[in-house]
Amino acid sequence: MGSIHIEAKVGDIAETILLPGDPLRAKHVADTFLEDAFCYNKVRGMLGFTGYYNGKRISIQGSGMGMGSTAIYVNELVSTYNVKNLVRVGTCGAIQTDLQVGQVILAMSASGDSGANTAHFNGMHYAATADFSLLQKAYEAGKRLGIDTLQGSIFSTDTFYDSNPHRWDIWEEHGILGVEMESQILFTLAKRLGAKALSVLTVSDNIRTGEAASSKDREQSFMDMMKIAFELA
Ligand code: HPA
């Protein structure tokens, strides 16, 4: 049967899966983009769907917010359902002043502060890295579709709220583009389990300048991000 947090039958989930944090976003995307989609998971409301995009089979599954939740789904998707390509689709807060909201980022690597990542490496530092073949495909899809992408490093945090105003200074100095909460453990686990991973992100807000996307901008950049991600099916 299924795994602890996913009730799908083995075979119900495609080799390539998109992972938004929000399960209702997974439903919205399945309704908007996929043909013949069906819902394979409702456990804990973490909806998952499989359907076809341009004739290619693909799944989309909510991961929840944060690395703890994401790790559960990545483990079960790869170990029980033999998923091969995992692509996070989500937002990040930019920490470089020249980054605009709506910019699409292809994350090459993810630094971070999660105990889930350090616990496995005896205090040493694993460089969590995206899969190059997925990154290259996404980059070429962006070119083909006329959607600008920025390739670079991001930071995955366990703490959305923090009162230290200088928290991101050192990361900004080291070229980190933006902050989100899932990619580092996605990259680490995918590598450990023998799968490929990438994160395609849009900038939802700029932590430095205070700029935030309007709902119209958000929808446009969301569509750009999804079009690129679906080309990975
Ligand atoms: N912090 C963490 N995750 C985020 C942010 C942020 O500022 N913006 C979008 N995702």
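This report walks through the cores, pockets and cysteines of a predicted model.

Residues are numbered from 1 along each chain as its sequence is written, and side-chain values use heavy atoms, with hydrogens and water left out. Local features need pLDDT of at least 70 and side-chain atom pairs pLDDT 80 or more, while totals for chains, interfaces and linings use all residues.

Let's start inside. The largest nonpolar core (buried Ala, Val, Leu, Ile, Met, Phe, Trp, Tyr and Cys joined through side-chain atoms within 4.5 Å; buried is under 20% relative accessible area, exposed over 50%, partly exposed in between, with a 1.4 Å probe and protein chains only) has 65 residues. Leu-18 and Phe-230 are among those with the most contacts inside it. Another core, of five residues, lies apart from it and includes Phe-155 and Trp-168.

Now the pockets. On a 1 Å grid over the protein atoms alone, a pocket is an open set of points where a 1.4 Å probe fits, with protein on both sides within 12 Å along at least five of seven lines; lining residues have an atom within 4 Å of a point. Volume is the space filled by probe spheres set on the points, which are joined across faces, edges and corners.

| Pocket | Volume |
|---|---|
| Largest | about 670 Å³ |
| Second largest | about 150 Å³ |

The largest pocket has 27 lining residues, with Thr-91 and Glu-180 among the closest to its centre. The second largest is lined by residues including Ser-111, Phe-121 and Gln-184.

As for cysteines, Cys-39 is partly exposed at 31%, while Cys-92 is buried at 2%. No disulfides (cysteine sulfur pairs within 2.5 Å) turn up in the whole structure.
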